[in-house]
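Student: Please give me a close look at the salt bridges and what surrounds them. I am new to this structure, so keep the steps short.

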Amino acid sequence: MFKKKFKIGLVLSGGGARGFAHLGVIQALNESGIFPDVISGTSAGAIAGALYADGYSPIEILKITNSNSRLHYIRPTVSKDGLLQIAGVVRILRDNLHAKTFEKLKIPLFVAATDLNNGRVDYFSSGELITAVIASASIPVLFKPVVIDNKYYVDGGVLDNLPIKPIENKCRYIIGSFVNPTGFQENVTNLINIAERTFFLSMSKEVNEKAKKFNLFIAPPELRNYKILDPEKAEEVFILGYNETREKLKSVDIKSLLEL
């Protein structure tokens, strides 16, 4: 019988500031003795995944990335290919990541980014780390594309917001954390709100089918009340992910899972 390469895989979706919920999810898993052997992430999930794979705990990542102002992460810019600058995220990664390449991470990591030139999703798992993570988090229209090997890349969520593909046949058990539930949104009047809303609605269609592929799927419904570009409520979002995971784990045979 074919032996799976990894025991437990963790997939982290995109979702902007809602990605703080990923940290709560991981915290609850770790407290139950569940630690992933491999991680695959898109956008916010790629950022959280990179820092966790680098050896930081979820609480440490929350402290590193938490801010009371969105200007800590993004700033308006005058550019023909993006409305905002993502320089704050670049600074956080450069100042805190010990590993500069995928190979130096303590846990294997896959990062999804969309190749605009060829119209496909690429999964990075080797080579330079920070550029791939920023490419994965560059929401089109809002942020300018990132150039890698002469190709223009934007947010991996355009084509794969729940990147299970790189690990689905390599793990005995796969956990998914999805932080982008859709629901009613009243204010969609300015250009940034319209771009944000359109982008995430376009990604929601694939989730129901993909959710069936996970052994454990965590998707806190209350996250629909939080905007993707508002990091001010990071701790609230963290707690939502934490509580939802604790609740989900009540129906899981953790002993058998740990015996993997």
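Tutor: We start with the whole chain, then go to the salt bridges, and then to other spots along the chain.

This is a predicted model, in which local features need pLDDT of at least 70 and side-chain atom pairs count only at pLDDT 80 or more, while totals for chains, interfaces and linings use all residues. Residues are numbered from 1 along each chain as its sequence is written, and side-chain values use heavy atoms, with hydrogens and water left out.

First, the chain. Nine helices and ten strands make up its list of elements. Helices (H or I, at least four residues) and strands (E, at least two) are DSSP runs, numbered from the N terminus. Of the 260 residues, 55% count as buried. Buried means under 20% relative accessible area, exposed means over 50%, and partly exposed lies in between (1.4 Å probe, protein chains only). Among contacts with a separation of 6 or more, 75% join residues 24 or more positions apart. A contact means heavy atoms within 4.5 Å.

Next, confidence. pLDDT is the predictor's confidence in each residue, from 0 to 100. Its mean over the chain is 86, and 82% of the residues reach 70 or more. Residues 68-85 stay under 50. Where pLDDT is low, the predicted coordinates should not be read in detail.

Now the salt bridges. Side chains of opposite charge can pair when their charged atoms come close. Here a salt bridge is a side-chain nitrogen of Lys or Arg within 4 Å of a carboxyl oxygen of Asp or Glu. The structure holds eight of them.

Look at the network. Asp115, Arg120, Asp122 and Lys151 are linked in it by salt bridges. In one pair, the side chains of Arg120 and Asp115 meet at 3.7 Å, N to O. Asp115 is buried, because its relative accessible area is 0%. Arg120 counts as partly exposed, at 39%.

In another pair, Lys151 meets Asp122 at 3.9 Å, N to O. Lys151 belongs to strand S8 (residues 151-155) and Asp122 to strand S6, so this pair ties together parts that are 29 residues apart in sequence. Asp122 is buried, with a relative accessible area of 14%.

Another salt bridge joins Asp160 and Lys210, with the closest N and O atoms 2.3 Å apart. This pair links distant parts of the chain: Asp160 sits in the loop between S8 and strand S9 (171-177), and Lys210 in helix H7 (residues 207-211), 50 residues away in sequence. Both partners count as buried: Asp160 has a relative accessible area of 3%, and Lys210 has 14%.

Go back to the loops. Leu116 is in the loop between strand S5 (109-115) and strand S6 (120-124). Leu116 counts as partly exposed because its relative accessibility is 46%. With Val147 and Tyr152, Leu116 forms a nonpolar patch on the surface, and the three have about 280 Å² of accessible area together. Patches are made of residues with over 30% relative accessible area and no salt bridge; like charges are joined within 9 Å, nonpolar side chains (Val, Leu, Ile, Met, Phe, Trp, Tyr) within 5 Å. Accessible areas come from the Shrake-Rupley method with a 1.4 Å probe, and for residues only the protein chains shown count as cover.

Next comes the loop that leads to S8. Asp149 lies between strand S7 (146-148) and S8, and Asn150 lies in the loop between S7 and S8 as well. Most residues other than glycine have a negative phi. Asp149, however, has a positive phi near 50 degrees, and Asn150 has a positive phi of about 65 degrees. Asp149 is exposed, at 66% relative accessible area. Asn150 is exposed too, at 72%.

Finally, a buried strand residue. Leu216 is part of strand S10 (residues 216-218). At 6% relative accessibility, Leu216 counts as buried. Beyond four places in sequence, Leu216 touches several residues, including Leu29, Tyr173 and Lys248. Leu216 and Lys248 are 32 residues apart in sequence, yet their C-alpha atoms are 7.9 Å apart in space.
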